[in-house]
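Please open the model in your viewer and prepare to make a series of selections. Each stop of the tour names what to select and then describes what is found there.

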Amino acid sequence: MGMRRIFSGIVLCSLLCVSSVTFGEGAQSIAGSSALSGLSETSQERQRGFFYLAEDFSQLSILPSYTFGAPSGMVPGFGTVFMGIGGTVSGRESQRIDGGMSVGGGFGDPISAIGGYAAIEMGSISPSDGGEFDRGQLAVGLGHTFADFGLGVSIGFVGLDLWHNSTESEILDPSFYFAVSKLFANDIAPVILTAGAGNEAFGTVTEESDHDRKYEIQEFLAAAVYVLPQVSLVADYTSGVTTAGVSIVPLPRIPVVLGLAANDIFQQDDGINALVTLGFGYAF
């Protein structure tokens, strides 16, 4: 089963993946699943009803995510809109909840030319940490997908300040990144690998670090294996923090993706947190 069979009729849309390492408490970069619409002819095959297990990828309206924080090398194009919400729950005694929300859309054509996305990231959405939608940031990405090779390359930035609480003590500069994603298609368990590098928010975060990360370039990595069309297992290393978990499309005909993961599993930053994300994507 080649790549064109695996992705026949699939629209894989960008969604919010929240990681407490990127801006500490709030909305994060657009990451994870990116649009792969147009890799092959659109399949008209659809099962009736909503409650069924997809037998192959052509029956899905959206795919499970393949990163939990690392920017994707594959970007959406014109006609794609997405929304995501997510947060981390601290396992410590404080039971602190950090959350963020993002909305955006795609532009251009990444298959035949250049495509990309623009998104507004908002945080925090939880009143428990002292604010609701008290800051907003812009994220933009550009890229090209080499469909015949299952390869996507992108550049972009996250974290351009649009508004913030007047008491905010530190406003980071925009964080720039370069990312590459590669699909390894097979009949058993397709794999997508992502690698890249970025500065500022992508720099290593630790409780002891107080250095300027503006000029620090840090790599990020992610790997996902699709054990079922509706389920992917994901491992992600971004900003010096490791996240691992599962991404699920509960209903094949509904373009909603649920992510459940353990964040900072090696306790490089603030200790192990539970990460929950919910993303919606639609292509007109």
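The tour begins with the whole chain and then proceeds to individual residues.

**The whole chain**

Display the full protein, bearing in mind that this is a predicted model. Colouring by secondary structure brings out one helix and 14 strands. Switch next to a surface representation: the accessible surface comes to about 12100 Å², and carbon and sulfur atoms account for 62% of that area. Of the 284 residues, 54% count as buried. For a contact map, consider the pairs with a separation of 6 or more: 60% of these contacts are between residues 24 or more positions apart.

**A nonpolar patch on the surface**

Keep the surface on and select Val81, Met83, Phe280, Tyr282 and Phe284. These residues form a nonpolar patch, and together they have about 500 Å² of accessible area. Two elements, β3 (80-90) and β14 (273-283), each give two or more residues to the patch.

Within this selection, centre the view on Phe280, which is found in strand β14. Is Phe280 buried or exposed, or partly exposed? Its relative accessible area is 34%; because this value falls between the limits of 20% and 50%, Phe280 is classed as partly exposed.

**Gly77 and a partner along the chain**

Move to the loop between β2 (30-31) and β3, and select Gly77 there. With a relative accessible area of 10%, Gly77 is buried, since the cut-off for that class is under 20%. Now add Phe107 to the selection and draw a distance between the two C-alpha atoms. The separation is 4.5 Å, although Gly77 and Phe107 are 30 residues apart along the chain.

**Two loop residues with positive phi**

The last stops concern backbone torsions. Most residues other than glycine have a negative phi. Which value does Ser239 take for this angle? Select Ser239, in the loop between β11 (231-238) and β12 (241-248): its phi is near 60°, a positive value in a residue other than glycine. Ser239 has a relative accessible area of 0% and is therefore buried.

Finally, go to the loop between β13 (256-263) and β14 and select Asp264. Phi of Asp264 is likewise positive, near 60°, and this residue is not a glycine. Asp264 is buried, with a relative accessible area of 1%. From Asp264, one may follow the chain into β14, the strand in which Phe280 is found, and so return to the nonpolar patch that includes Phe280.

Methods
Residues are numbered from 1 along each chain as its sequence is written. This is a predicted model: local features need pLDDT of at least 70, side-chain atom pairs count only at pLDDT 80 or more; totals for chains, interfaces and linings use all residues. Side-chain values use heavy atoms; hydrogens and water are left out. Patches are made of residues with over 30% relative accessible area and no salt bridge: like charges are joined within 9 Å, nonpolar side chains (Val, Leu, Ile, Met, Phe, Trp, Tyr) within 5 Å. Accessible areas come from the Shrake-Rupley method with a 1.4 Å probe; for residues, only the protein chains shown count as cover. A salt bridge is a side-chain nitrogen of Lys or Arg within 4 Å of a carboxyl oxygen of Asp or Glu. Helices (H or I, at least four residues) and strands (E, at least two) are DSSP runs, numbered from the N terminus. Buried means under 20% relative accessible area, exposed over 50%, partly exposed in between (1.4 Å probe, protein chains only). Contact means heavy atoms within 4.5 Å.
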